[in-house]
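Me: Please take a close look at a single part of this model and tell me how it is packed into its surroundings. A connected walk outwards from there would suit me well.

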Amino acid sequence: MKKPIISPSILSCNFLEIGNAIKMLNESQADWVHCDVMDGVFVPNITFGMPILQAIKKISEKPLDVHLMIVQPERYLEDFQKAGADILTVHYEASTHLHRTLQSIKQLGMKTGIAINPHTSVHLLYDVLENTDLVCIMSVNPGFGGQSFIEKTYKKVETLKKFIEDNQLHTLIEIDGGVNSNNAPKLLDYGADVLVAGNFIFNSQNPQKVIEDLKKV
Ligand code: DX5
Ligand code: ZN
């Protein structure tokens, strides 16, 4: 089986030591750095924005996988591009003109991503998948790290994977929330390509080893 792309979520790192966390990821087998931007409106939590991303970008040797949990993300696409996003993911539930938003992200030279909340069906994405490099299936309700994985996610991955393959698309499937070594093998079997993990990596004794093990799943 193809090795998964591992995108550690720095939401769970020690923010006083964020530079060291990025350096650790540089030296690890992590493929991307998952950055969770929350606005306190779309989700009941506030994290960080462009200045922090800019700082991370200066030292990160891995692409920044930026997950926007903000309302009307179309207002800020250029700002996030300037801050260093390589993949820019917006929520289906937050963007009224999603097709246009995806086009703008592409025009700005970034990879396009759509995230869906646990209540949103993958079927709703079929008309825009040609314009989408990545679908982020949320396996928890967005807003916080360290929550329990929602089992229904497997079925969503399977359904979406079938559609992608039947239509010969290249869209990657990313799973975000409660990912660990127990659910990772099954997620990959069902067709996931990218695993995001926050708590499981950063609250372990040896984050680099956990990343290495996830890569080998
Ligand atoms: C949740 C965020 C996730 C979060 C995942 O809203 O989008 O990226 O950091 O953290 P864990 O792996 O701890 O569930
Ligand atoms: Zn995320």
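Reply: The buried residues of helix α1 (residues 18-27) pack against β1, β2, α2, α7 (199-202) and α8. Those buried residues are Ala21, Ile22, Met24, Leu25 and Asn26. Here buried means under 20% relative accessible area, exposed means over 50%, and partly exposed is what lies in between, with a 1.4 Å probe and protein chains only. Contact stands for heavy atoms within 4.5 Å. Helices (H or I, at least four residues) and strands (E, at least two) are DSSP runs numbered from the N terminus.

A word on how to read this: the model is predicted, local features need pLDDT of at least 70, side-chain atom pairs count only at pLDDT 80 or more, and totals for chains, interfaces and linings use all residues. Residues are numbered from 1 along each chain as its sequence is written, chains are lettered from A and ligands numbered from 1 in the order in which they are written, and side-chain values use heavy atoms, with hydrogens and water left out.

Let's take the helical neighbours of α1 in turn, beginning with α2 (residues 50-59). The axes of α1 and α2 come within 10 Å and cross at roughly 40°; these axes are lines fitted to C-alpha atoms, for helices over the stretch in contact, and angles run from 0 to 180 degrees between N-to-C directions. The two helices are therefore oblique to each other, as angles under 35 degrees count as roughly parallel, over 145 as roughly antiparallel, 65 to 115 as roughly perpendicular and the rest as oblique. The crossing of α1 past α2 is right-handed, the term for a near helix turned clockwise from the far one by less than a right angle, with anticlockwise giving left-handed. On the α1 side Ile18, Gly19, Ile22 and Asn26 make the contact, and on the α2 side Ile52, Ile56 and Ile59 do so. By class, that is 5 nonpolar, 2 polar and no charged residues. For these classes, Ala, Val, Leu, Ile, Met, Phe, Trp, Tyr, Cys and Pro count as nonpolar, Asp, Glu, Lys and Arg as charged, and the others, Gly among them, as polar. A general point helps in reading such a list: an α-helix has 3.6 residues a turn, so residues three or four places apart point the same way.

The next helical partner is α8 (residues 207-216), which packs on α1 at an angle of about 40° with the axes 10 Å apart. This pair, too, is therefore oblique, and α1 passes α8 in a right-handed crossing. Met24, Leu25 and Glu27 in α1 meet Pro207, Gln208 and Ile211 in α8. The residues of this contact divide into 4 nonpolar, 1 polar and 1 charged.

Now for the strands that α1 packs against, β1 and β2. They belong to an open sheet of 8 strands in the order β1-β8-β7-β6-β5-β4-β3-β2, with parallel pairing. Two strands pair if DSSP finds at least two bridges between them. β1 (5-8) and β2 (33-38) stand at the edges, each with a single partner strand, so one side of each is left without a neighbour in the sheet. On average, neighbouring strands of this sheet are turned by 20° against each other, direction ignored.

At one edge, β1 pairs with β8 (residues 194-197) in the parallel sense over 4 bridges, and Ile5 stands opposite Val194 of β8. At the edge formed by β2, the pairing is with β3, parallel and over 6 bridges, and Met38 stands opposite Met69 of β3.

β3 (64-69) also brings us back to α2, which lies across β2 and β3 and runs at about 170° to β3. This strand is mostly covered, with 6 of its 6 residues buried. Leu64, Val66 and Leu68 are buried on one side, and Asp65, His67 and Met69 on the other, so both faces are covered. In a regular strand the side chains alternate between the two faces of the sheet.

Just one more stop, in the loop between β3 and α3 (77-83), where Gln72 is found. Phi of Gln72 is near 40°, a positive value in a residue other than glycine. At 42% relative accessibility, Gln72 counts as partly exposed, whereas the residues of β3 are buried.
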